[in-house]
Amino acid sequence: MTKIDTSGPENVLPTPSHTVGPFYGYALPFRGGEDIAPLGHPDTVTVHGYILDGAGDPLPDAFVELWGADPDGNVSTTDGSIRRDPATGDYLGRNGVEFTGWGRIQTDSNGHWYARTLRPGARGGSAPYLSVCVFARGLLVHLFTRIYLPGDDAALAADPLLTRVGERRDTLIATDEGRGTYRFDIRLQGEGETVFLEFR
């Protein structure tokens, strides 16, 4: 709460900062947030990993939001990720048909998260990637990063962001575990810290 001193605007004290979590357990989680791909779509891939703190310990109360283009590189403008009943306001779930490209996943008690989505296509001069936003206890602001999926070495080598981060590029590229499954751990700090992006 901002304290106001009526003797003048120069005496207004700022509101103290607080962390972005874990105070979001009521409204942010929703059933099926990890199921981004339409049900039964043949091009579905699974991306999973752990969110780890500076000591390498998993965070059991974090959120991951993902956004991704469709396989043709188009960003979806389809509504439907969080459909609500207009009469009750209850969550209805995804319609299971349209690809919205967006999902929100809460880590489990072991700090693990997963999402089923479509492998994104390239956009502009970038290699295909998923945009990521991380919410976790101890963070004063949420963190942005990317997940690049391996498979096109030429596109990864030419990607402008991966070129700029140099030796740390591996913190942005998922590991192919085979059969359409990719692992991507998010390290908040310390050795092997994931590259995080700042938007201005």
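Here is a short walk through one sheet of this predicted model, starting from one of its strands.

Let's begin with strand β2, which covers residues 63-68. Of its six residues, five are buried, each with under 20% relative accessible area. The strand is therefore largely enclosed by the rest of the structure.

Which strands does β2 pair with? One partner is β3, residues 102-106, which runs antiparallel to β2 and is joined to it by five bridges. If you look for Phe63, you will find Gln106 of β3 standing opposite. Another partner is β5, residues 129-135, and here six bridges link the two strands, again in the antiparallel sense. Two pairs help you find your way along this pairing: Glu65 faces Cys133 in β5, and Trp67 has Ser131 as its bridge partner in β5.

Now step back to the sheet itself. It is an open sheet of four strands, and reading across it gives the order β3-β2-β5-β6, with antiparallel pairing. The edges are held by β3 and β6, the latter spanning 143-148. Each of these edge strands has a single partner strand, so one of its sides is left without a neighbour in the sheet. On average, neighbouring strands of this sheet are turned by 25 degrees against each other, direction ignored.

One last point is useful when you follow side chains by eye. In a regular strand, they alternate between the two faces of the sheet.

Conventions:
Residues are numbered from 1 along each chain as its sequence is written. This is a predicted model: local features need pLDDT of at least 70, side-chain atom pairs count only at pLDDT 80 or more; totals for chains, interfaces and linings use all residues. Side-chain values use heavy atoms; hydrogens and water are left out. Buried means under 20% relative accessible area, exposed over 50%, partly exposed in between (1.4 Å probe, protein chains only). Two strands pair if DSSP finds at least two bridges between them. Axes are lines fitted to C-alpha atoms, for helices over the stretch in contact, and angles run from 0 to 180 degrees between N-to-C directions.
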